[in-house]
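Please open the model in your viewer, with the sequence panel beside it, and follow the stops below in order. Each stop says what to select and then what is there.

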Amino acid sequence: MQVHTLDKAQLINEVQFGTQLNHAVEGGRRADFALMLAFLSPDHLERTPVDPAPASEQTEADLRAYFELPDPQPLTSTKHCYDRAAAQADAFHKGGLSSSQFLHELKPTALTFPPLGTKGMPEELYHNLSGHERRKLPPTEDATIQASPQDLYLSLIQSKRYAEMYHSA
């Protein structure tokens with residue numbers, strides 16, 4: 001029975017002691033101070049912040065629109081980043097470093113250019129795989145059917161002809 005009463009006696013915050021904790025420190029009463037600290041809950045998830053964080057009403061997009069900031073620099077490359085990087089390299093060769101930096105500030109390129117065609121793996125790891133292991137990897141891009149109704153009609157006629165040839169033989 002005493003165990004349950006001790007569990008309920010645990011305090012969450014030192015504010016619940018009032019000035020008793022301060023008086024124990026000032027008076028040099030180590031036993032009282034140690035007892036009060038023992039009553040505090042050791043679980044950090046129970047501790048409530050004294051001042052709650054203010055709720056953010058503005059999103060990053062709203063702030064970017066308000067301050068007229070461009071889109072942030074992308075972390076990984078997209079199909080447009082390769083064109084931008086080529087334009088920056090051309091600007092560097094034609095106008096020097098300052099024109100390349102100016103072009104980068106107008107339209108920043110990605111921070112990283114991961115290798116293409118490695119199914120999301122690092123290049124060293126992908127090239128270390130055998131051909132059989134590469135075929136077992138799932139495709140990262142969705143395979144959409146590139147067919148038209150005319151192609152479908154032709155393939156149906158061919159499959160019908162093959163079926164007639166093999167079933168009659």
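**A guided tour**

Begin with Arg29, which has a relative accessibility of 40% and therefore counts as partly exposed. Bear in mind throughout that this is a predicted model, and that the values quoted on the tour are computed from it.

**The whole chain**

Before going further with single residues, colour the chain by secondary structure: there are nine helices and zero strands, so that the order of elements from the N terminus reads α-α-α-α-α-α-α-α-α. If you colour by accessibility instead, the buried residues amount to 11% of the 169 residues in the chain. Of the contacts between residues at least 6 apart in sequence, 48% join residues that are at least 24 apart.

**Arg29 and Asp32**

Return to Arg29 and add Asp32 to the selection, since these two residues form a salt bridge in which the closest N and O atoms are 3.5 Å apart. Asp32, like its partner, is partly exposed, and its relative accessibility is 31%.

**Helices α2 and α3**

Keep Asp32 in view and select helix α2, residues 20-27, together with helix α3, residues 30-39; the two pack at an angle of about 145 degrees, and their axes are 8 Å apart. The crossing of α2 with α3 is left-handed. On the α2 side the contact is made by Gln20, Leu21, Ala24 and Val25, and on the α3 side by Asp32, Phe33 and Met36. Sorted by class, the residues of this contact are five nonpolar, one polar and one charged.

**Helix α4 and the loop after it**

Next select helix α4, residues 60-66, where Glu60 and Arg64 lie four residues apart, about one turn of the helix. Show their side chains and you will find a salt bridge, with the closest N and O atoms 3.4 Å apart. Is each partner buried, partly exposed or exposed? Glu60 is exposed, with a relative accessible area of 52%, whereas Arg64, at 22% relative accessibility, counts as partly exposed.

In α4 you can also pick Ala61, which is exposed, its relative accessible area being 53%. Draw a distance from the C-alpha atom of Ala61 to that of Asp71, which is ten residues away along the chain, and the separation comes to 8.9 Å.

Now move on to Glu68, whose place is in the loop between α4 and α5. Its phi is near 55 degrees, a positive value in a residue other than glycine. Most residues other than glycine have a negative phi, which is the reason for pausing here. Glu68 is also exposed, with a relative accessibility of 71%.

**Helices α5 and α6**

Select helix α5, residues 79-95, and helix α6, residues 97-106, and look along the pair: their axes come within 7 Å and cross at roughly 155 degrees. Because of that angle, α5 is roughly antiparallel to α6. Their crossing is right-handed.

To see what makes the contact, display Ala87, Gln88, Ala91, Phe92 and Gly95 in α5, which meet Leu97, Ser98, Ser99, Ser100, Leu103 and His104 in α6. By class, this contact has five nonpolar, six polar and no charged residues.

Within this group, centre the view on Gln88 of helix α5, a residue that is buried, with a relative accessible area of 11%. Leaving aside residues up to four places away in sequence, Gln88 touches Ser100, Leu103, His104, Lys107 and Thr109.

**Helix α9**

For the last stop, go to helix α9, residues 149-168, and select Arg161 and Glu164, which are three residues apart and so separated by about one helical turn. Their side chains meet in a salt bridge, with a distance of 3.6 Å from N to O. Arg161 is partly exposed, with a relative accessible area of 46%, and Glu164 is partly exposed as well, with a relative accessible area of 39%.

How many salt bridges does a search of the whole structure find? It finds four, and among them are the pairs Arg29 with Asp32, Glu60 with Arg64 and Arg161 with Glu164.

How values were computed: Residues are numbered from 1 along each chain as its sequence is written. This is a predicted model: local features need pLDDT of at least 70, side-chain atom pairs count only at pLDDT 80 or more; totals for chains, interfaces and linings use all residues. Side-chain values use heavy atoms; hydrogens and water are left out. Buried means under 20% relative accessible area, exposed over 50%, partly exposed in between (1.4 Å probe, protein chains only). Axes are lines fitted to C-alpha atoms, for helices over the stretch in contact, and angles run from 0 to 180 degrees between N-to-C directions. Angles under 35 degrees count as roughly parallel, over 145 as roughly antiparallel, 65 to 115 as roughly perpendicular and the rest as oblique. A crossing is left-handed if the near helix is turned anticlockwise from the far one by less than a right angle, and right-handed if clockwise. Contact means heavy atoms within 4.5 Å. Ala, Val, Leu, Ile, Met, Phe, Trp, Tyr, Cys and Pro count as nonpolar, Asp, Glu, Lys and Arg as charged, and the others, Gly among them, as polar.
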